[in-house]
Structure formats: C-alpha cells, structure tokens
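Got your viewer open? Let's take a walk through this chain, one selection at a time.

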Amino acid sequence: MDSVFVASSDTAVPLIPVSRESLPVRLESAPESWRKWVEASGFEAEPGATLRIPDTEGGLAAVLAGFDAETPIWMVAAAAETLGTGDYRLETDSLNPEIQNLAAIGWGLGRYRFERYREAQDRSPRLVWPEDADQARVLAFVESIGLTRNLINTPAADMMPANLALKARELAEEFGSSLHLVSDSDKLEQDFPCIHAVGAASDHGARVIELTWGAPDAPSLVLVGKGVCFDSGGLNLKPGNSMRQMKKDMGGAAIVLGLARLIMAQALPVRLTVLIGAVENAIGAGAFRPGDVLTARNGKRIEIDNTDAEGRLVLADLLDWAGSFHPDLLVDFATLTGAARVAVGTEISACFTQDEGWARALVEPAREWDDPVCQLPLHTPYRYMLDSDVADIVNSTPGGHGGAITAGLFLKEFVPEGTTWMHFDIMAFNNRARPGRPKGGEAMGMRALFAALESRYRKPG
C-alpha cells in the first residue's frame with residue numbers, strides 16, 4: 001500500500017474535513033483569503049465535495065473535504081479519488097483515534113482501482129499516516145475489502161472454480177492456515193451431491209474449498225460462501241440483461257474470503273472455518289433439469305422447480321457440512337435472490353436470523369461503518385410454498401411472492417438443529433459510484449459483521 005499511504009512528508013498539503021455544521025467554525029480561525037475563496041467558490045461542505053484553496057504563490061495551501069458527520073468513514077474518500085499526485089496530511093485536531101482509523105480506511109477504499117485489464121492510472125495521491133491511526137488495522141480492512149472487490153470484478157473466464165480455489169490457497173499460505181480441496185467428480189457426487197449436480201454441465205470442474213485457521217479450542221466460527229463463478233441460469237436460461245453481471249454470482253464466496261482475511265489479519269480469537277462451493281451453472285448434456293429430484297448431503301430430496309435457483313442448492317450441502325464443525329456461529333453469504341433486491345434495494349444487505357441477539361449486534365456496527373443491514377423475517381408459515389408433490393421440498397416457488405424469505409426457509413432445512421445461523425442475501429456489487437465505493441464488486445456486510453464479531457469474541461485488553 002505504499003502508493004496509498006506515506007510515513008511522513010515535508011510537502012504534505014493539509015486535508016481538512018468539514019461538515020456543513022463545522023465549516024463556519026473552521027473558517028473563523030482561517031485566513032481571510034480562505035473565507036473569501038470559500039464564499040466565491042460556493043463551497044458548502046456537501047458530502048463528497050472538495051475545494052482546493054490556493055496559496056499566495058499559486059500553489060496549494062489546503063484542501064477542504066466535505067463530509068456527512070453521520071458517516072465519517074467517507075470523510076476523505078472523495079478526495080482520495082479526485083486529488084492529483086501529491087502528499088496530503090489529514091487535519092486531526094478534532095478527530096479521535098477511532099475516527100482517524102475510519103478516515104484512513106475510507107481513504108484507502110477511495111484509492112481502490114480495478115486495473116487488471118488496462119494500464120494503471122498515473123495519478124497517485126498519498127495520505128500521511130494520521131498520528132493516532134492503527135496502521136495494521138487500517139491496512140487489514142483496505143486490503144481485505146480490496147481482495148473481495150478484485151475477486152468479484154474479475155471476469156468469469158479468469159475466475160472459474162480452479163481460479164477461486166487458487167486464490168483461497170494463496171490466502172491460506174499468507175496466514176499459515178490449512179486448506180483442503182475436493183475436486184474429484186466421484187467424490188463430489190458422493191459427498192456434495194447438489195454441488196456436483198449444479199456444476200455437472202460445465203467444462204470447469206466444481207471445487208469444494210475448506211480453509212481452517214485458529215486455535216482448536218477457540219469458539220468455532222463457520223463462514224459459508226456461494227461461489228457460482230458464472231450463472232447462465234442453466235436450462236432455465238436467463239435473459240441477456242439478467243446474465244450480464246453474473247460474474248458476480250460468486251460474490252458470497254468473495255466476501256467470506258475477504259472477511260476471513262480480515263479475521264486472520266486482526267487475529268480474532270476464533271476457530272475459523274471457511275466453506276465454499278465453487279461451480280459454474282452452465283448448459284450442456286450434463287445439466288440438471290426442471291423436474292429432476294436431487295438428494296442433498298443430509299438426505300433430503302429436492303425437486304427442481306427452476307435451475308436458476310442453483311445457489312441455494314450449493315449452500316444446502318455446505319450448511320449441512322458446517323454442522324460437523326460444531327459452530328458457535330454459522331454465517332452464509334450469497335447473491336441469492338432478486339427478491340431481496342426488490343425488498344431492500346441494491347445497497348442494503350438483507351439478513352435473516354432467528355437469533356435476536358445477533359440481529360441486534362449488527363445494528364450499531366452497520367450504522368458506524370455505513371454498511372447497512374436490514375433484518376428480514378424467516379416467516380415460517382411461508383414454508384408451505386416449498387412443498388413438493390414428489391419430494392421433501394422444491395428449490396423454488398413458482399409464484400415468486402416472498403422469494404427472499406422462502407429462499408431463507410429453504411436454507412434453514414439444511415442448517416443442523418440447534419445451530420446459531422445468519423444468512424446474508426447480498427448484491428455484492430455497486431451499481432453506482434460513490435465516495436470510497438466505486439462501481440463494481442463490493443464487500444457488502446463485511447464491515448458490519450466483522451465489527452459485531454469483534455465485539456463478541458475479542459477479549460478485553
């Protein structure tokens with residue numbers, strides 16, 4: 001991250017965050033020329049706005065960065081995106097260490113670029129490390145979220161199951177964790193029959209990925225990720241406009257890998273297990289069909305109503321397997337339903353859990369980190385919509401009403417009895433660019449959940 005932060009600089013320009021409320025107070029102690037420049041420029045400290053203030057010699061005296069006091073993480077994110085080459089020093093007189101950390105993380109996220117397939121931009125503003133910032137913590141967030149964004153943004157041709165498994169292996173090697181892969185077709189069919197069925201039509205063989213880290217006697221945290229590297233819809237083929245961004249259908253896997261990296265980098269005292277089913281839902285002679293009946297890992301028979309409801313099949317095997325790790329908490333992330341997007345839009349993570357303690361634990365972190373999470377109900381009476389005439393359950397409801405809820409109820413059938421479980425149905429993608437959040441892959445829910453996990457598991461002192 002040398003191009004993002006710098007230890008010190010004699011030429012650093014002051015970068016001054018101001019809100020609408022604090023701008024007049026800040027200008028009271030500023031030179032008269034600053035006040036006149038602000039007035040002439042019409043700068044009102046709108047969130048994301050920046051104002052370059054010249055000095056008497058035509059250089060740069062300071063930069064004002066407008067921000068919303070309710071979301072300090074983005075206070076200098078827009079500046080990170082728009083300022084030219086040079087060094088900048090955050091004015092920290094009124095910022096406590098926690099806010100300095102948030103501002104530095106926002107700066108790092110604002111500097112994110114996905115440039116694998118084009119020449120890197122030559123503009124490289126750098127931020128002098130704020131005096132009280134926890135540098136290791138800041139870098140852990142920036143690099144972990146960057147990992148998730150890179151994985152999602154990479155086109156499917158370069159992010160198939162074998163590629164995703166390689167990224168998991170690189171992560172395991174970085175932090176000295178163990179990695180186990182299942183790629184043999186016969187073994188997959190025997191132990192993960194739904195995952196095998198979803199991936200059977202693809203030339204890119206499915207992978208089941210298990211990453212383990214942490215002390216064996218620590219509380220068991222199991223993260224499950226949907227890793228559908230491309231989703232054509234299968235024989236229930238998606239229309240073209242719905243297929244365009246299906247490289248992001250492995251966003252759940254990308255988020256759990258990024259979250260795992262953050263947990264390991266911050267040495268959270270847990271026994272971490274990451275389980276990912278990496279597949280391509282393709283069309284071919286081996287494709288599973290509407291009307292087929294699959295037998296899941298836990299023995300339940302699933303009638304296929306729609307082959308485009310494949311992600312929940314992948315998760316079904318993984319959630320059952322997760323029980324063997326006796327989790328204190330089981331969390332899955334998946335780009336699962338369009339219904340969740342209808343319910344909460346594309347910029348909020350839908351969350352399902354019957355543990356109200358964990359639901360409440362997400363509220364404050366979601367606000368503090370501006371990582372919105374909305375709990376939706378697992379309304380058990382809707383379970384009838386998943387009744388099958390020929391099997392134990394259908395994988396999709398033809399009517400579509402309450403689709404995010406019925407998907408959650410489907411998954412619940414495969415969560416081992418007595419397990420504390422949270423299910424995140426996420427977009428994993430920014431449809432618009434905002435400060436610190438460029439258009440493209442996004443680690444939705446990661447910041448909020450990590451903060452909740454840290455509050456639960458971090459030992460005082």
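Start by selecting Ala 334: is it buried or exposed? Ala 334 is buried, because its relative accessible area is 0%, and the cut-off for buried is under 20%. Keep in mind as you look around that this is a predicted model.

**Stop 1: around Ala 334**

Ala 334 belongs to strand S13, which covers residues 329–334. Now show what touches Ala 334. Leaving out residues up to four places away in sequence, you'll find Lys 226, Gly 252, Leu 315, Phe 424, Asp 425 and Ile 426. Next, add His 423 to your selection. Ala 334 and His 423 are 89 residues apart in sequence, yet their C-alpha atoms are 8.0 Å apart in space.

**Stop 2: helix H11**

One of the residues touching Ala 334 was Leu 315, and Leu 315 is one of the buried residues of H11. So select H11, residues 311–322. How far apart are the end C-alpha atoms of this helix? They are 16 Å apart, which agrees with the 16 Å that twelve residues should span at 1.5 Å a residue.

Colour H11 by burial and you'll see that eleven of its twelve residues are buried, so the helix is mostly covered. Among them are Gly 311, Arg 312, Asp 317 and Trp 321. Here's a handy thing to know when you look down a helix: an α-helix has 3.6 residues a turn, so residues three or four places apart point the same way.

While you're here, select residues 306–313. UniProt, in an unreviewed entry, places the feature "domain: Cytosol aminopeptidase" on that stretch. Over residues 306–313 the chain is 38% helix and 0% strand, and the end C-alpha atoms are 11 Å apart.

**Stop 3: zoom out**

Show the protein chain as a cartoon. It has 16 helices and 19 strands. Why call it as compact as a globular protein of its length? Its radius of gyration is 24 Å, close to the 23 Å that the globule rule gives for 461 residues, so the description fits. Turn the chain around: along its principal axes, the C-alpha trace spans about 80 × 50 × 40 Å.

Now switch on the surface. The protein chain exposes about 19000 Å², with carbon and sulfur atoms supplying 47% of that area. Buried residues make up 56% of the 461 residues. As for contacts between residues at least 6 apart in sequence, 77% join residues at least 24 apart.

**Stop 4: two domains**

Give residues 5–133 one colour and 139–457 another. These are domain 1 and domain 2 in the domain assignment. Their C-alpha centres lie 37 Å apart. How many residues does the contact take from each domain? It takes 20 residues from domain 1 and 21 residues from domain 2.

**Stop 5: helix H4**

Select residues 97–110, which form helix H4. H4 has 14 residues and reaches 20 Å from its first C-alpha to its last, close to the 20 Å expected at 1.5 Å a residue. H4 is mostly covered, with twelve of its 14 residues buried. The buried ones include Ile 99, Leu 102, Trp 107 and Gly 110.

Pick out Asn 101 in H4. Asn 101 counts as buried because its relative accessibility is 13%. Leaving aside neighbours within four places in sequence, Asn 101 is in contact with Ala 133, Asp 134, Arg 137 and Val 138.

Then step to Arg 111, in the loop between H4 and strand S6 (125–128). At 12% relative accessibility, Arg 111 counts as buried. Try a distance to Pro 14: Arg 111 and Pro 14 are 97 residues apart in sequence and 18 Å apart in space, C-alpha to C-alpha.

**Stop 6: two backbone angles**

Most residues other than glycine have a negative phi. With that in mind, select Ala 45, in the loop between helix H2 (32–41) and strand S3 (50–54). What is the phi of Ala 45 near? Phi of Ala 45 is near 60°, a positive value in a residue other than glycine. Ala 45 is buried, with a relative accessible area of 0%.

Last, select Asp 370, in the loop between helix H14 (363–368) and strand S15 (373–375). Asp 370 has a positive phi of about 45°, although it is not a glycine. With a relative accessible area of 21%, Asp 370 is partly exposed.

Terms used: Residues numbered from 1 in each chain as written. Predicted model: local features only at pLDDT ≥ 70, side-chain atom pairs only at ≥ 80, totals over all residues. Heavy atoms only, no water. UniProt positions renumbered as here; feature names shortened; annotations may be inferred. Helix = DSSP H or I, 4+ residues; strand = E, 2+ residues; numbered from the N terminus. Expected span 1.5 Å × (residues − 1). Buried < 20%, exposed > 50% of the residue type's maximum accessible area, 1.4 Å probe, protein only. Rg over C-alpha atoms; globule rule 2.2 N^0.38 Å. Contact = heavy atoms within 4.5 Å. Areas by Shrake-Rupley, 256 points an atom, 1.4 Å probe, with all protein chains shown as cover. Domains from an automatic or database assignment.
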